[in-house]
Amino acid sequence: MGNNDIFDVSGLVTVITGGASGIGLAVAEVLSAGGASVTLVDRDADALAGAERDLSAGGAEVDIIEADVTETGALSHAFDAVAAKHGRIDVVFANAGIGGGPGFLTGDGARNSSRNFEDLPDAQWDQVMAVNLTGAFHTVQTAARIMKPKGAGKIIVTSSISAFKAEQFVGTPYVVSKAGVAQIVRQAALELAGYGITVNAMAPGPFITNISGGRLKDADARAVFERNIPLRRMGEPDDIKGLALFLASGASDYMTGAHMVIDGGFSLGFAD
Ligand SMILES: NC(=O)c1ccc[n+]([C@@H]2O[C@H](COP(=O)([O-])OP(=O)(O)OC[C@H]3O[C@@H](n4cnc5c(N)ncnc54)[C@H](O)[C@@H]3O)[C@@H](O)[C@H]2O)c1
């Protein structure tokens with residue numbers, strides 16, 4: 001076996017929630033380039049259509065399903081459709097997620113008075129929990145339901161470095177939702193290991209995507225992170241590809257319950 005064969009994903013049946021943009025779309029690109037079939041599940045119909053067009057132009061075997069991860073019926077329906085078409089699902093990326101608003105500090109270090117802890121709006125809290133936490137929970141449940149009878153499967157959840165640390169520049173609802181996601185990963189990994197299913201997490205730092213209306217693309221927002229990230233740049237969607245391939249392929253077979261931090265060293269602290 002050549003070295004690269006351990007990262008082989010050809011023929012795998014994969015599903016990616018939030019696959020129409022950013023990190024999820026980069027995952028779809030690397031998996032389909034490796035010969036996997038990919039189904040993108042996303043709530044954004046226009047973005048799905050664009051992603052399908054681009055991926056199939058590159059020769060990918062791609063399907064799109066418009067569904068919201070907060071709607072359990074739609075989620076089950078989507079996964080059942082993939083399983084009915086292919087007879088199984090090998091790999092699921094539970095990746096759909098939304099931002100939780102700005103943090104309590106602005107980029108220049110001043111207090112952001114509109115983001116005081118005591119004033120954080122309930123509606124935002126509820127929405128972020130519904131998508132990031134409960135949505136991830138239901139996605140892992142739905143994947144497990146399909147994978148368990150086969151005795152095999154890989155579930156990869158997009159967590160965040162916000163799962164492990166307090167944040168100045170990231171809204172509290174987001175940070176709390178990802179901390180919960182980290183425990184879903186560990187609980188599911190422990191329980192499902194005996195059924196041949198692994199559950200791991202990618203924990204990105206700041207990546208330039210469309211999250212929070214693309215706020216991280218803004219030059220001022222970028223400057224703050226670029227100053228504070230030891231590798232001196234923010235992540236680009238392409239940066240996730242190696243990790244996604246590792247976690248989807250046999251290369252990670254003996255790993256479960258792990259969080260793979262990918263953040264340019266940001267969570268280590270300030271360097272220079
Ligand atoms: N960008 C970052 O800095 C960063 C850092 C750490 C973790 N993450 C996580 O990465 C994941 C992907 O985010 P991204 O940065 O690529 O953002 P993005 O906005 O570019 O992509 C997210 C995709 O998820 C979809 N989506 C959102 N809510 C959904 C729902 N309820 N049902 C179905 N689809 C839904 C969106 O339509 C979009 O296509 C999220 O879980 C996010 O929390 C992002």
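A polar contact is a pair of N or O atoms within 3.5 Å; within protein, one must be able to donate a hydrogen and the other to accept it, and residues adjacent in sequence count only if both atoms are side-chain atoms. Keep that in mind for the first view of this predicted model, where local features need pLDDT of at least 70, side-chain atom pairs count only at pLDDT 80 or more, and totals for chains, interfaces and linings use all residues. Residues are numbered from 1 along each chain as its sequence is written, and side-chain values use heavy atoms, with hydrogens and water left out.

**View 1. Polar contacts of the ligand.** Look for the side chain of Ser21, which has an N or O atom 2.6 Å from a ligand oxygen. The side chain of Tyr174 brings an N or O atom to 2.7 Å from an oxygen of the ligand. Asn210 takes part through its backbone, with an N or O atom 3.0 Å from a ligand oxygen.

**View 2. The shell around the ligand.** Here you can find 29 residues surrounding the ligand (each with a heavy atom within 4 Å of it). Among the closest are Asp42, Phe207 and Thr209. Helices (DSSP runs of H or I, at least four residues) α1 (22-33) and α5 (172-192) each supply at least two residues of this shell.

**View 3. Ser212 and its positive phi.** Most residues other than glycine have a negative phi. Ser212, however, has a phi near 55°, and Ser212 lies in helix α6 (residues 211-214). Ser212 is partly exposed (between under 20% for buried and over 50% for exposed, 1.4 Å probe, protein chains only), with a relative accessible area of 34%.
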